[in-house]
Amino acid sequence: MDIQLPGMDGLTATRLLNHGAATRDIRIVALTALAISGDRERIEAAGGDDCIAKPIRYRPFLKLVSDRLSGQAKATAM
């Protein structure tokens, strides 16, 4: 989930997905160019499962997705 989406920000979209019966089990990894203090907490408060800062480093991103899909603990990709 990109945090800075046009029209609706990614945190709002994440909250909506987490409240929908058909979408609440979707794992959400937030992508943000604004990797500042407090971002991880805001993303988790919105219901995001993890976050990663842009620009994306290919291997850590794939590991994070693999770990999250397999149910492993949160990665530290940000």
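This passage walks through a predicted model of a protein chain, beginning with its overall layout and then turning to helix 2 and its surroundings.

The protein chain contains three helices and two strands. Followed along the sequence, these elements come in the order α-β-α-β-α. Of the 78 residues in the protein chain, 32% are buried. The accessible surface amounts to about 5,000 Å², and carbon and sulfur atoms account for 58% of that area. Contacts across the sequence were also examined: among those between residues at least 6 apart, 47% bring together residues that are at least 24 apart.

Helix 2, which spans residues 39–46, offers a good place to look more closely. Its buried residues are Asp39, Ile43 and Ala46. When the helix is viewed down its axis, these buried residues fall within an arc of 65°, so they line one face of helix 2. A general feature of helices helps in reading this pattern: an α-helix has 3.6 residues a turn, so residues three or four places apart point the same way. The face of helix 2 turned away from the buried side carries Glu41 and Ala45, both of them exposed.

The cover over the buried residues of helix 2 comes from several parts of the chain. It includes helix 1 (residues 10–19), along with strand 1 (29–32) and strand 2 (50–53).

Of these neighbours, helix 1 can be described in further detail. The axes of helix 1 and helix 2 come within 8 Å of each other and cross at roughly 30°. Since angles under 35 degrees count as roughly parallel, helix 1 and helix 2 are therefore roughly parallel to each other. On the helix 1 side, the contact is made by Leu11, Thr14, Arg15 and Asn18, while helix 2 contributes Arg42, Ile43 and Ala46. Ile43 and Ala46 thus appear twice in this account, as buried residues of helix 2 and as part of its contact with helix 1.

Two further residues complete the picture. His19 lies in helix 1 and is exposed, because its relative accessible area is 65%, above the 50% cut-off for that label. The side chain of His19 reaches the backbone oxygen of Arg15 at a distance of 2.7 Å; Arg15 is also one of the helix 1 residues in contact with helix 2. Gly47 follows helix 2 and has a positive phi, near 105°. Although His19 and Gly47 are 28 residues apart in sequence, their C-alpha atoms are 9.4 Å apart in space.

Notes
Residues numbered from 1 in each chain as written. Predicted model: local features only at pLDDT ≥ 70, side-chain atom pairs only at ≥ 80, totals over all residues. Heavy atoms only, no water. Buried < 20%, exposed > 50% of the residue type's maximum accessible area, 1.4 Å probe, protein only. Helix = DSSP H or I, 4+ residues; strand = E, 2+ residues; numbered from the N terminus. Arc of directions from axis to C-beta. Contact = heavy atoms within 4.5 Å. Areas by Shrake-Rupley, 256 points an atom, 1.4 Å probe, with all protein chains shown as cover. Polar contact = N/O pair within 3.5 Å; in protein donor to acceptor, adjacent residues only side chain to side chain. Axes fitted to C-alpha atoms, helices over the stretch in contact; angles between N-to-C directions. Parallel < 35°, antiparallel > 145°, perpendicular 65-115°, else oblique.
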